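Hi,

Here is the structure I promised to pass on to you. Have a look at it first, and my notes follow below.

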Amino acid sequence: MRRWWSYWARLIDLARRARLERDIDDELRFHVESEMEVGVQRGLSEEEARREAHDSLGGPPLLVREQIHDARGVSFSDEFRADLRQGLRLLRRAPAVTAVVLLTLGVAIGGTVTTFSITDAWLFRPLHFPSADRLVVAFMATAAKPTEPAVWMPYRAYLSWKQSVRSFSSVSAAFFRGATWRGASGAKSLVGMRVTPEFFTTLGVPAFRGRHLTAGDATGSPAVVLSYGFWQRDLGGTTDIVGGTISLSDIIYTVVGIMPPDFDVRLLDRPEGAAFWTLFRPGDRGYEPGGMGPVTILGRLAKGVSAQAARAEAAAVMERAERRYPLNFNQPDGSGNRFVVNLSSLQEDNARTVRSTLLTVLGAAVCLLLIAAMNVGVLLFGQGLKRRNEVAVRHAVGAGRGRLVRQFMTESLVLSIGSSVLAIALALAALRVFVAANPLGTLPASGVHLDLRAAAVAALAVVITTIVAGLVPALRLSATDVGATLRSGEGGRTTAPAQRAQRGMLVAQIAVSTVLLVCAALLAKTVIHLRAEPLGFNPDAVEVAEVALPMTPFDSNAARNRFYDALADRLRAKPGVRAVAAATLPPLAGGQFTSVRLSTDNVTIAPRMSAPSVTPAYFETLSIPLVAGRPFDRRDSGDGRPVVVLNALAAAQLFGDAYRAVGQRVRLGDDSWCDVVGVVGNVRTTFFNTLEWQTAPAVYRPAAQSLAQPPDPEATHLTLWVYIRADRPLSADDVRDAALAAGPRAAVLSVQPVPDMVANATRQPAFRMTLLLWFCGASLLLAGIGIYGIVAQAVTERLREIAIRSALGAQPRALTLSFVRQALAAGASGLAIGVVLSMMFARLLASMLYSVPISDVSSLTAAALLMLAVTGVAAWVPALRATRVPAVHVLRT
Amino acid sequence: MSRPSDLVQGTLDVLILQTLTLEPLHGLAVAQRLRARSGDVLNVSRGSLYPALHKLEHEGLLRAEWRLSENGKRAKYYEVTRAGRKRLEHEQREWKRLSAAISMALKPT
């Protein structure tokens with residue numbers, strides 16, 4: 001601490017110094033000039049007057065100035081500047097070492113700053129809302145996993161909370177809604193929100209143009225508030241849009257306002273903010289008093305109320321309100337899950353999916369920084385070794401130990417500051433790449449940039465590297481026996497504390513590298529598991545097109561099926577197309593949950609299952625195997641008997657097994673009975689962004705019988721997902737042309753390869769693994785270099801000993817082995833510490849692992865073996881040198 | 001370069017402090033006063049005045065300030081600080097004790 005204070009004092013002194021020089025010169029000039037005036041008045045010549053003036057001054061001004069400096073004592077700044085000069089000279093003398101050090105530290109500090117900036121933007125920097133820490137989001141979780149969202153809140157919970165919960169100063173509800181917007185460049189699928197009138201005031205952000213939505217807008221002509229991004233990007237940013245109209249999914253809305261650029265509300269794992277906001281309207285099914293329409297509830301905590309207290313009160317109010325309904329959230333659902341209310345801060349809610357990834361990567365970056373700093377310490381020390389004589393001489397002529405330590409610290413400070421400049425440049429570039437590549441699939445609402453906080457972290461990193469990289473060699477060198485160094489003229493003996501320091505460094509480096517290695521191995525195994533797990537369908541060579549069918553002219557089941565048949569015929573006619581099918585759900589998703597009953601009883605809570613509509617070719621196109629019965633065919637037409645196909649899990653849950661299911665009857669929702677005609681294999685789905693493939697029960701319905709009014713009453717279109725298996729992929733334009741020919745109002749919103757969508761589902765784990773593997777590779781490389789350096793130094797230090805021993809007949813092999821053995825011994829203890837540490841870290845990783853236990857033996861073994869191998873090789877190469885020591889030459893010099 | 005011995009240096013410090021207790025002065029004036037008062041016995045002009053002034057300033061016994069001098073030029077005026085006055089009193093006491101002791105010792109009995 002005192003050392004840092006003294007550095008600071010030096011810097012201040014440095015600034016004062018220039019002024020001091022000027023003052024001294026002025027003062028002496030005044031003396032000389034005044035004395036000269038008197039002399040000249042006395043009739044002396046100018047030359048004589050000057051001499052007399054100098055005499056009275058006590059000598060020429062230059063000399064007096066030196067004496068003044070002498071009298072003031074050697075200032076800190078002088079010493080600091082001398083160290084600085086000396087340091088820079090040394091660094092210039094060894095440009096290769098300097099370059100390696102600058103690069104190593106630059107990359108390590110840059111990595112830390114980059115990962116911190118991203119993490120900070122997600123987790124720590126407050127959101128752009130007034131008192132953002134009081135904003136909370138509510139969701140229903142299960143008692144088993146009370147912190148993970150399980151289902152949406154029912155609309156009636158919002159009503160009861162608004163009426164009775166005192167912990168909220170304001171409460172509002174919102175739910176996503178999609179819309180198709182047709183611009184000059186074609187149709188576009190937008191994600192907007194339906195909200196209650198208090199939504200904007202709860203967030204506390206005024207409109208950028210125009211006004212918010214108010215309760216009055218719920219009944220008048222439809223009104224919409226637009227996001228700044230949508231307004232700028234797609235509407236050209238013209239101001240006359242406010243008061244004008246816009247058509248969303250063929251409904252005309254009056255634009256009443258535009259929100260500011262940084263108004264970015266994401267609820268429950270949306271990757272980006274909404275494009276527009278409209279109100280819930282009376283008559284929306286599920287959004288009337290007592291309605292169970294899904295919403296997410298956004299509340300502002302009253303001043304001084306904790307989220308915990310608010311949760312308790314809100315849960316109690318909801319429990320009481322639910323009792324009034326026969327079907328309610330106080331009962332467990334069909335699968336036996338009990339529901340609990342969860343409140344999380346808006347910021348937590350926004351970062352839920354990325355939190356663990358960010359913290360893992362940040363931790364890895366800090367590990368790498370430590371390793372890099374230790375390594376630079378080793379390198380500087382290697383340089384220091386060559387300077388052993390210089391240090392010894394300086395010590396002999398009176399430089400104290402503290403003085404030497406300060407010199408090393410100054411040198412490492414120069415290096416750290418130099419590399420931090422490089423680091424900032426790297427971080428700026430890396431952040432650009434991060435934003436452009438968007439590897440997490442989502443960017444923080446407040447943007448990612450280098451700010452003062454990042455600069456503070458960079459400064460902290462510089463302090464850490466300076467201390468680690470400077471203190472290690474300084475203590476190490478100043479602990480050596482200087483007298484012996486001078487007497488022996490070369491090398492000198494290494495003292496016991498110095499050797500301990502060396503070994504300690506080795507152990508620490510190996511320990512930190514091991515932690516990284518183990519974590520990377522666990523994450524890599526997770527990704528391998530995720531990738532290797534059978535999905536239940538074959539995504540290869542399949543594309544999926546998202547096609548929106550507006551209610552006009554596609555107003556009936558028959559009209560929609562006619563359109564699809566026409567589209568499928570045209571697609572099948574294209575060269576290379578093998579199969580075409582459609583479903584009302586995209587790949588990997590569950591949805592259209594419907595209660596499935598086996599009796600006429602409407603009171604017991606029935607299990608709700610995913611119930612998509614699919615065309616007959618669906619199972620074949622996606623290679624979903626048939627387990628029993630038959631798939632859909634021509635018999636299952638619009639006027640045929642209503643039928644369903646179950647997946648194996650649904651069959652097992654409802655009837656015990658697949659074969660027993662075929663021929664039975666089920667009742668979907670309030671509709672009439674359907675015959676079960678077949679059972680197909682389970683298909684994996686994902687749930688939000690949690691890292692898990694899920695297997696959920698599903699009931700498939702034939703599209704010919706079920707492309708009726710979609711369940712969402714406000715829906716203005718029905719989305720069909722058209723699956724195309726083709727030898728070579730169709731372009732989006734191919735699909736658009738076919739859709740245009742089949743029905744002009746249908747909008748093709750996207751065409752994506754299904755394998756990409758599968759890869760996206762494992763994107764976060766893959767990203768974590770990739771980054772950690774990189775960090776790991778870098779840390780192994782650094783650790784290798786460090787071990788190499790330490791062993792090489794040990795060999796150099798003991799050249800005389802080696803020479804004597806080989807002169808006395810020691811086997812070169814034995815000498816090499818003794819060095820390698822020592823390194824491996826240090827490696828083993830580093831490994832042991834590293835394994836214990838990584839067990840602790842892996843506990844934090846647990847939520848990111850999929851079917852890999854944290855104490856996975858094969859990962860640990862692999863990491864340990866790799867670490868030992870690196871240690872062995874890095875020690876063996878320089879140790880070989882010991883065997884080539886020209887003994888006679890060494891002993892003679 | 002030769003440094004004045006501690007005794008001489010210490011004496012010079014006391015003389016400078018003594019000279020400056022009356023009024024703030026610049027270096028040249030201090031030199032002139034010292035020369036006048038000690039009757040050239042103590043020739044301080046041999047290069048030790050300015051280093052001494054700076055040392056005292058560095059030690060906080062003097063405080064310096066730039067002012068216009070009698071001939072209209074900017075000059076650095078020195079002034080005794082509280083610490084300086086204390087040091088002077090201390091030195092004067094010490095001196096009295098020492099000189100009394102020496103006089104006692106030298107008194108013919």
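How many bridges join strand S5 (residues 209–210) of chain A to strand S8 (residues 251–258) of chain A, and do the strands run parallel or antiparallel? There are two bridges, and S5(A) and S8(A) run antiparallel. Before going further, please keep in mind that this is a predicted model.

**Strands around S8(A)**

A:Arg209 of chain A has A:Ile258 as its bridge partner in S8(A). A:Ile258 comes up again with another strand, since A:Leu226 also has A:Ile258 as its bridge partner in S8(A). That second pairing involves strand S6 (residues 223–226) of chain A, which is joined to S8(A) by four bridges. Here the two strands run parallel.

Strand S7 (residues 245–248) of chain A is likewise joined to S8(A) by four bridges, with the strands running antiparallel. Within S8(A), A:Thr254 is the bridge partner of A:Thr245. S7(A) and S8(A) form a hairpin, and two residues lie between them. In the turn, A:Ser249 has a positive phi of about 50 degrees, in case you want to look at the backbone there.

**Where the two chains' helices pack**

Next, a pair of helices from chains A and B. Helix H3 (residues 61–72) of chain A packs with helix H3 (residues 49–58) of chain B at an angle of about 30 degrees, and their axes are 8 Å apart. Angles under 35 degrees count as roughly parallel, so H3(A) is roughly parallel to H3(B). Their crossing is right-handed.

On the H3(A) side, the contact is made by A:Val64, A:Gln67, A:Ile68, A:Asp70, A:Ala71 and A:Arg72. H3(B) contributes B:Tyr50, B:Pro51, B:Ala52, B:His54, B:Lys55 and B:His58. Sorted by class, this contact has six nonpolar, three polar and three charged residues.

**A:Asn557**

One last residue to look at is A:Asn557, which lies in helix H17 (residues 557–572) of chain A. Is A:Asn557 buried, exposed or partly exposed? A:Asn557 has 18 other C-beta atoms within 10 Å, so it is partly exposed; 20 or more would count as buried, and 12 or fewer as exposed.

Which residues is A:Asn557 in contact with, leaving aside its neighbours within four places in sequence? They are A:Gly638, A:Leu707 and A:Ala708. The C-alpha atoms of A:Asn557 and A:Ser706 are separated by 6.8 Å, although these residues are 149 residues apart along the chain.

Happy to talk any of this through.

Best wishes

How values were computed:
Residues are numbered from 1 along each chain as its sequence is written. Chains are lettered from A and ligands numbered from 1 in the order in which they are written. This is a predicted model: local features need pLDDT of at least 70, side-chain atom pairs count only at pLDDT 80 or more; totals for chains, interfaces and linings use all residues. Axes are lines fitted to C-alpha atoms, for helices over the stretch in contact, and angles run from 0 to 180 degrees between N-to-C directions. Angles under 35 degrees count as roughly parallel, over 145 as roughly antiparallel, 65 to 115 as roughly perpendicular and the rest as oblique. A crossing is left-handed if the near helix is turned anticlockwise from the far one by less than a right angle, and right-handed if clockwise. Two residues are in contact if their C-beta atoms, placed from the backbone, lie within 7 Å. Ala, Val, Leu, Ile, Met, Phe, Trp, Tyr, Cys and Pro count as nonpolar, Asp, Glu, Lys and Arg as charged, and the others, Gly among them, as polar. Two strands pair if DSSP finds at least two bridges between them.
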